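These are my notebook entries on the empty spaces in a structure that is new to me, with one residue looked up at the end.

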Amino acid sequence: MGKAVLLQLLLGVLAVVLSASVVKAEDPYKYYTWTVTYGTLSPLGVPQQVILINGQFPGPRLDVVTNDNIILNLINKLDQPFLLTWNGIKQRKNSWQDGVLGTNCPIPPNSNYTYKIQAKDQIGTFTYFPSTKLHRAAGAFGGINVYSRPRIPIPYPLPESDFTLLVGDWYKSSHQALQKSLDSGKSLPFPDGLLINGQASTTFGGDQGKTYMFRVSNVGLSTSLNFRIQGHKLKLVECEGSHTQQNIYDSLDVHVGQSFSVLVTLNQPPKDYYIVASTRFTRRVLTATAVLHYSNSHTSVSGPVPAGPSFQLHWSMQQARTFRWNLTANAARPNPQGSYHYGQIVPTKTIVLANSAPLINGTLRYAFNQVSYVNPDTPLKLADYFNIPGVFTFDAIQSVPSGSSATLATPVLPASLHDFLEIVFQNNEKTMQSVHLDGYDFWAVGYGSGQWQPAKRKTYNLVDALTRHTVQVYPNSWSTILVSLDNQGMWNLRSATWERQYLGQQLYLRVWNPTQNLANEYNIPSNALMCGKAVGRHP
């Protein structure tokens with residue numbers, strides 16, 4: 001064999017080996033250590049106890065890229081058990097890491113837990129926050145920005161920079177006092193104010209003529225908000241992981257638990273402008289302002305704060321219907337978003353969930369279909385894994401409202417992997433609702449007033465409805481979602497309004513396939529905490 005031929009063979013073998021190594025290469029890992037402590041700050045001008053992460057309020061922002069693996073060691077220095085949940089991160093095949101009480105034991109005081117999560121096949125704007133007690137009312141929330149991989153194009157010019165805005169209502173009372181109020185059967189009072197990034201006032205700066213992305217999330221407890229920037233248009237480009245049709249707005253409503261991204265071009269005369277968030281559907285309007293500062297500005301912000309829409313439910317519902325999927329854009333994968341024709345799939349089941357605020361044993365509770373959820377001492381996921389009886393039941397809640405008396409239970413709705421569900425949220429109350437589903441995004445296909453009926457399906461958007469993880473339900477109205485159950489696990493479906501979640505307006509969806517393998521679901525983590533009836537068990 002000649003030297004040239006031998007060299008060619010060796011190069012061929014080397015190419016195969018290198019190719020195999022590239023194929024098998026793992027996605028990047030990012031490592032974090034976060035310590036949760038109490039601190040004293042004055043977000044609304046009054047000193048109060050807040051919850052800090054690494055001394056920060058809000059907590060550190062997670063900037064990651066699609067498919068990054070996040071190894072996050074969370075150290076709890078509070079005097080109460082604590083968990084963080086990752087709002088909108090799907091936890092593909094891995095509800096073990098979801099960080100809610102149905103999947104995880106809370107981290108005891110002076111202890112730690114290492115989360116191992118992946119932003120698998122996702123891009124977009126998300127958040128994290130505490131899922132335990134009323135800790136969310138004291139802080140420990142933050143932003144998660146998942147950026148596209150360099151080889152996946154985005155459907156707009158790369159902005160000069162981006163800003164994360166965590167906007168929400170705020171109370172001067174401590175989280176312990178708020179929890180005590182709820183435990184006594186009293187609803188929470190009206191919030192004391194609004195914060196933008198944990199402050200009553202802050203500044204964002206940029207250069208005239210350039211375009212910036214504003215990533216806006218409603219991290220509050222209960223109140224829908226409207227967002228706007230004085231003298232500037234908002235181009236909506238992303239919503240909870242979906243590239244949107246790029247419509248232009250003067251202002252945008254963002255409901256509890258929701259997120260969106262807008263592009264803003266600094267094309268006005270050089271001066272400072274108000275950035276405004278104000279409450280929606282409230283008798284008394286709360287407002288928070290920040291400042292958009294042009295780098296060549298010599299003029300401070302001035303004039304009246306731009307007014308937002310007032311009590312206009314119809315206006316808000318109409319705006320929601322204009323949020324559309326960008327069918328030709330790639331999301332986290334190279335294939336276009338619109339290549340999945342969700343509107344052509346016949347649902348395997350319809351579930352209608354009506355929210356209510358019943359008195360049970362003389363105490364205020366909240367419920368879906370008259371069943372108010374009670375957290376057991378043992379996480380449902382552990383009980384399911386270890387076959388521990390008496391923790392939850394599949395027959396505690398009906399898939400349609402039954403008119404029965406309100407009860408306390410730990411309801412789980414069973415479903416099969418690859419089911420395609422139609423879920424209708426029926427709101428017969430006079431309050432705004434916001435509902436979130438862990439583990440998934442879904443198509444928000446319909447909004448309407450009054451009672452949902454099968455005939456309302458003709459109003460659904462079955463072509464380019466937005467996918468998102470949290471949907472609003474207007475007073476005395478309904479909203480419908482379609483969801484493809486492609487993610488096995490135990491998933492929390494809850495009111496994003498935290499008072500309602502805390503007092504029972506939640507349930508779990510068990511997505512199951514009897515064929516157990518790693519292609520469907522990951523194994524229980526070796527570091528899984530054990531509590532309740534799972535104490536003494538081993539992963």
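I began with the lining of the largest cavity in this predicted model, and I sorted its residues by class into eight nonpolar, four polar and two charged. I then looked up where that lining comes from, and strand β9 (residues 161-170) gives the largest share of it, with five residues. The volume of the largest cavity came out at about 90 Å³. Among the 14 residues that line the largest cavity, I noted Phe141, Gly168, Asp169, Trp170 and Val219 as the closest to its centre. My search of the whole structure returned eight cavities of 30 Å³ or more.

I turned next to the pockets, where the largest pocket holds about 840 Å³ of space. Its lining is made up of 28 residues, and I found Lys90, Asp121, Arg333, Asp441 and Asp486 to be the closest to its centre. By class, I wrote down ten nonpolar, nine polar and nine charged residues for the lining of the largest pocket.

For the second largest pocket I noted about 680 Å³ of space. Of the 25 residues lining the second largest pocket, those closest to its centre are Ser222, Phe281, Thr282, Thr431 and Met432. I counted eleven nonpolar, eight polar and six charged residues in that lining.

Last, I looked up glutamine 501, which is found in helix α5 (residues 498-502). Is glutamine 501 buried or exposed? I entered glutamine 501 as buried, because its relative accessibility is 7% and buried means under 20%. Leaving aside residues up to four places away in sequence, I found that glutamine 501 touches Arg494, Ser495 and Gln506.

Note on methods: Residues are numbered from 1 along each chain as its sequence is written. This is a predicted model: local features need pLDDT of at least 70, side-chain atom pairs count only at pLDDT 80 or more; totals for chains, interfaces and linings use all residues. Side-chain values use heavy atoms; hydrogens and water are left out. Helices (H or I, at least four residues) and strands (E, at least two) are DSSP runs, numbered from the N terminus. Buried means under 20% relative accessible area, exposed over 50%, partly exposed in between (1.4 Å probe, protein chains only). Contact means heavy atoms within 4.5 Å. On a 1 Å grid over the protein atoms alone, a cavity is a set of points where a 1.4 Å probe fits but cannot get out, and a pocket is an open set with protein on both sides within 12 Å along at least five of seven lines; lining residues have an atom within 4 Å of a point. Grid points are joined across faces, edges and corners, and a volume is the space filled by probe spheres set on the points. Ala, Val, Leu, Ile, Met, Phe, Trp, Tyr, Cys and Pro count as nonpolar, Asp, Glu, Lys and Arg as charged, and the others, Gly among them, as polar.
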